[in-house]
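Trainee: Hi! I have a structure open in front of me, and I would like to learn how to read it. Could you walk me through it?

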Amino acid sequence: MRLETKRLILRPFRDADAADVFAYAKNPAVGPAAGWPSHKDEAESLKIIRTVFAAPNVFAVELRETGRVIGSVGFIDEHPRGVQPNCPDDELGYALDETHWGRGLMPEAAEAVMEYGFAELGFRRIWCSHYMENDRSRRVIEKLGFQYQFTRKVDVPLLGEVHQARYYLMEKEGWRGRLPDSLPGR
């Protein structure tokens, strides 16, 4: 599957992306904010490409102007269990190279993936969450139009920590109702 926006190509990860992934994933400002430790070397990034990023509906975020992979976006195959069980929905997750923060690239990528989730995968709801201290992720979620639902403590096993996480929801009907000019990358 390949999705395209004005500035981005969203595509499956390849082994050849390991150097690009390591370039952003080694930064301690990126991984821990999303719940995973900074990568130690390119071999670790390759392992993540072959395991975590090999999951269905996870995309490499490739910048059109350079052809470099600058992040990841996709569905992480979970949602706040017990809140709305047995429903076709998923949680959106993402990470972006710090050198590209503040340019609206992640809302642009996430919007394309949300459209794919609602139109192609048949989701009725898409969840998104961020740790309380991650204001950048909160801003992405707000730009996309998600609605706050609740806050709860979550275990972050890859970091060996517990964080407060805020959960947000976008329902298909609410997504359809947004004005086209307000969508990132359109």
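Mentor: Gladly! Let's begin with a rule for angles between helices: an angle of 65 to 115 degrees counts as roughly perpendicular. Keep in mind, too, that this is a predicted model.

Trainee: At what angle do α1 and α3 pack?

Mentor: The angle is about 110°, and the axes lie 8 Å apart. That falls within the range for roughly perpendicular, so α1 and α3 are described as roughly perpendicular to each other.

Trainee: Which residues meet where α1 packs on α3?

Mentor: From α1 come A18, A19, V21 and F22, and from α3 come E42, S45, L46 and I49. Sorted by character, the residues of this contact are 6 nonpolar, 1 polar and 1 charged.

Trainee: Is α1 largely enclosed or exposed?

Mentor: To judge that, count its buried residues. A residue is buried when its relative accessible area is under 20%. Helix α1 covers residues 18-25, and 6 of its 8 residues are buried, so the helix is largely enclosed by the rest of the structure. Those six are A18, D20, V21, F22, Y24 and A25. They pack against α3, which spans residues 42-50, and also against β4.

Trainee: What comes in the loop after that helix, for example where is K26?

Mentor: K26 sits in the loop between α1 and α2. Its relative accessibility is 44%, so K26 counts as partly exposed. Leaving out residues up to four places away in sequence, K26 touches S38 and H39. K26 and H39 are 13 residues apart along the sequence, while their C-alpha atoms are 4.6 Å apart in space.

Trainee: Let me step back to the whole chain. How many helices and strands does the chain have?

Mentor: There are 6 helices and 8 strands. Read from the N terminus, the elements follow the pattern β-β-α-α-α-β-β-β-α-β-α-β-β-α. The chain has 186 residues, of which 48% count as buried. If you take contacts between residues at least 6 apart in sequence, 63% of them join residues at least 24 apart.

Trainee: How do I read the sheet?

Mentor: Start with a general idea: strands of a sheet pair through backbone hydrogen bonds, either parallel or antiparallel. Here, 8 strands make an open sheet with mixed pairing, in the order β1-β2-β3-β4-β5-β6-β8-β7. At the edges are β1 and β7, each pairing on one side only. Helix α4 packs on this sheet, touching β1, β2, β3, β4, β5, β6 and β8, and its direction makes about 30° with that of β4.

Trainee: In which sense do β7 and β8 pair?

Mentor: They pair in the antiparallel sense, over 9 bridges. You can find V154 opposite H163 in β8, and K153 opposite Q164. The two strands form a hairpin with 4 residues between them, and G160 in the turn has a positive phi of about 65°.

Trainee: And over how many bridges do β6 and β8 pair?

Mentor: There are 7 bridges, again in the antiparallel sense. As an example, I126 has M170 in β8 as its bridge partner.

Trainee: Last topic: the core. Which residues of the largest nonpolar core touch the most other members?

Mentor: Look for buried nonpolar residues whose side chains join up. The largest nonpolar core has 31 residues, and L10, V73, L92 and F146 touch the most other members. Two or more residues each come from β2, β3, β4, β5, α4, β6, α5 and β8. Helix α4 supplies the largest share, with 9 residues. Apart from this core lies another one of 13 residues, including V21, W36, F53 and A60.

Trainee: What does L10 touch?

Mentor: Not counting residues up to four places away in sequence, L10 touches M1, R2, L3, F59, A60, V61, V73, A109, A112 and V113. Try selecting L10 and these partners on your screen to see the contacts for yourself.

Terms used. Residues are numbered from 1 along each chain as its sequence is written. This is a predicted model: local features need pLDDT of at least 70, side-chain atom pairs count only at pLDDT 80 or more; totals for chains, interfaces and linings use all residues. Side-chain values use heavy atoms; hydrogens and water are left out. A nonpolar core is a set of buried Ala, Val, Leu, Ile, Met, Phe, Trp, Tyr and Cys residues joined through side-chain atoms within 4.5 Å. Buried means under 20% relative accessible area, exposed over 50%, partly exposed in between (1.4 Å probe, protein chains only). Contact means heavy atoms within 4.5 Å. Axes are lines fitted to C-alpha atoms, for helices over the stretch in contact, and angles run from 0 to 180 degrees between N-to-C directions. Angles under 35 degrees count as roughly parallel, over 145 as roughly antiparallel, 65 to 115 as roughly perpendicular and the rest as oblique. Ala, Val, Leu, Ile, Met, Phe, Trp, Tyr, Cys and Pro count as nonpolar, Asp, Glu, Lys and Arg as charged, and the others, Gly among them, as polar. Two strands pair if DSSP finds at least two bridges between them.
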